[in-house]
Amino acid sequence: MITKPLIFLGLTLALFLLVPTGNRVSSYEQSSNTTINLTNNPQDISSDSPSVATSSLYVYVVRTDYNSSANPSPQGEIYFARSTNDGATFGRSINLSNNSGQSQSPSVAAVGNNVYVAWSDNGIGSYQLMFTRSNDSGITFSNPIKLSSGTSNFNGFPLSVTASSNNVYIVWQDINPIHRQPEALFVKSADGGKTFGNPINLSNSPMWSGSPDITSLSNTGDVYVTWNEGVCVVTHCSHEILFVRSNDTGNTFSSPIQLSNHVAAGSSVYSSVSASVSASGIKRIFAIWQESTAPPQNGGILFRSSNDGGVSFGNVLTLDGNWNQAGSPVVASTTNTPKVYTAWNDGASGNNEIVFATSINNGASFRSTINLSDDPGDSVHPSITTSKNYVYVAWTDDRTGTGDIFLYRENM
Ligand SMILES: [Ca+2]
Ligand SMILES: [Ca+2]
Ligand SMILES: [Ca+2]
């Protein structure tokens, strides 16, 4: 009985031929791209702040889940989900934090069979940096350990984890007990996350030093970090983006380079924040950040790259100059190709959308942006990474009425 399949094939072919090929986003880019809802939450569960990493065919996504029907109150938990088939499908999620405290802001990194997850947790009364590792590609995880030693009472804090060979590197924002301002702290493991050295204070300034991001080169173990630093000129104080590099696997760091410059950008610029950094295997470094005009905080997205391992940086590119509340920019690069991928959330449409832009020339220029979310829901907090064949963007979206994590995959 092959009649039905043939009819079906005929109908499919007819429908395909009827599809207009007008001025939609270029079909060569859309043809093999997929977007899936990773969480499909019931209405009393809300997910936020995804982080995505890959190793070989594996794709790992961590997130914070809030259960609004939990008693006594909804406390965030860190959930982990993995795909073994390039992100086509995902298995059941695991609760990595599983405590009565607020657990949030997770970050994931992967190398070989190892998966590393860090997050911010106030389960012991003040927010601390927690860490767990898997040595079996995310099937099982170690008991979480505490890596911070302060008693920060921040309402959580941003952090980022990266890995190269047996080295695990983490940066986070923590309070300095002397001047009570945040610093960008760094800690390293040289044994696959079993033990960690003493934290290094990368910013070490009496000003606000926040939202650090980190990346590393897989072939050399070089480490690159950005954060935003409070800078005062005469009586005006704001934030600028600083960058440091380490060429000895995180044992020592260079003096900071300032990537942003308000004076050059114009007097209307208010602050440079939310930097993200990526590096490829040929010492190319890509940094992206948000610049805000004076309140009401309308954001634009700026980008800058280095081709000498972060010794110097090229001109500043404006990726989003509409100043329509663009924020949370992220960047990912690729080994052995000149492709660079960026994403951010943009409020121009009235609700936030996830905007995606590709460069095929090592960040010298970018193609037109693509709207990945394109829905009436709030679409925010993107995370981005690449594997050998794909680029992935995960984000938070409440198009179904509660927060879900969506994952976009594009064939490179
Ligand atoms: Ca918790
Ligand atoms: Ca500081
Ligand atoms: Ca949206």
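## Ser46 and its surroundings

Leaving aside residues up to four places away in sequence, Ser46 touches Asn41, Tyr66, Ser68, Thr402 and Gly403. The model described here is a predicted one, and within it Ser46 belongs to strand E2, which covers residues 45-55. Because 21 other C-beta atoms lie within 10 Å, Ser46 is buried.

The position of Ser46 also brings together parts of the chain that are separated in sequence: Ser46 and Asp404 are 358 residues apart along the chain, yet their C-alpha atoms are 6.4 Å apart in space.

## The chain as a whole

The secondary structure of the chain comes to three helices and 28 strands. Of its 412 residues, 49% are buried. When contacts between residues at least 6 apart in sequence are considered, 49% of them join residues at least 24 apart.

## Two open sheets of four strands

One open sheet has four strands in the order E6-E7-E8-E9, and their pairing is antiparallel. Its edge strands are E6 (103-111) and E9 (145-146), each of which pairs on one side only. Strand E7 takes in residues 114-121 and is joined to E6 by seven bridges in the antiparallel sense, and within this pairing Ala109 has Tyr116 of E7 as its bridge partner.

Another open sheet of four strands, again with antiparallel pairing, follows the order E22-E23-E24-E25. Here the edges are formed by strand E22 (327-333) and strand E25 (370-371), and each of these pairs on one side only. Strand E23, with residues 340-346, runs antiparallel to strand E24, with residues 353-359, and seven bridges are found between them. Thr342 stands opposite Ala357, a residue of E24. As general background, the strands of a sheet pair through backbone hydrogen bonds, in either a parallel or an antiparallel manner.

## Strand E15 and its partners

Strand E15 spans residues 223-233, and eight of its 11 residues are buried, so this strand is largely enclosed by the rest of the structure. Strand E14, which holds residues 209-216, runs antiparallel to E15 and is joined to it by six bridges; in this pairing Ser209 stands opposite Glu229 of E15. E14 and E15 form a hairpin with six residues between them, and in the turn Gly221 has a positive phi of about 80°.

E15 also pairs with strand E16 (residues 236-246), again in an antiparallel arrangement, and 11 bridges join these two strands. Val233 has His236 in E16 as its bridge partner.

## The loop between E13 and E14

Two neighbouring residues, one buried and one exposed, can be followed in this loop. Ser203 lies in the loop between strand E13 (200-201) and E14, and Ser203 counts as buried because it has 26 C-beta neighbours inside 10 Å. Not counting residues up to four places away in sequence, Ser203 touches Glu183, Ala184, Ser209, Trp227 and Glu229. Two of the residues in that list, Ser209 and Glu229, also stand opposite each other in the pairing of E14 with E15. The C-alpha atoms of Ser203 and Gln173 are separated by 10.0 Å, with these positions 30 residues apart along the chain.

Asn204 is placed in the loop between E13 and E14 as well, but Asn204 counts as exposed, because it has 11 C-beta neighbours inside 10 Å. Although Asn204 and Glu183 are 21 residues apart in sequence, their C-alpha atoms are 6.3 Å apart in space.

## Positive phi outside glycine

Asn98 has a phi near 50°, which is a positive value in a residue other than glycine. This residue is found in the loop between strand E5 (94-95) and E6, and Asn98 counts as exposed because 12 C-beta neighbours lie inside 10 Å.

His381 likewise is a residue other than glycine with a positive phi, in this case near 60°. His381 is found within strand E26, which covers residues 379-386, and with 23 C-beta neighbours inside 10 Å it counts as buried.

How values were computed:
Residues are numbered from 1 along each chain as its sequence is written. Chains are lettered from A and ligands numbered from 1 in the order in which they are written. This is a predicted model: local features need pLDDT of at least 70, side-chain atom pairs count only at pLDDT 80 or more; totals for chains, interfaces and linings use all residues. Two strands pair if DSSP finds at least two bridges between them. A residue is buried if 20 or more other C-beta atoms lie within 10 Å of its own, exposed if 12 or fewer, and partly exposed in between; C-beta atoms are placed from the backbone. Two residues are in contact if their C-beta atoms, placed from the backbone, lie within 7 Å.
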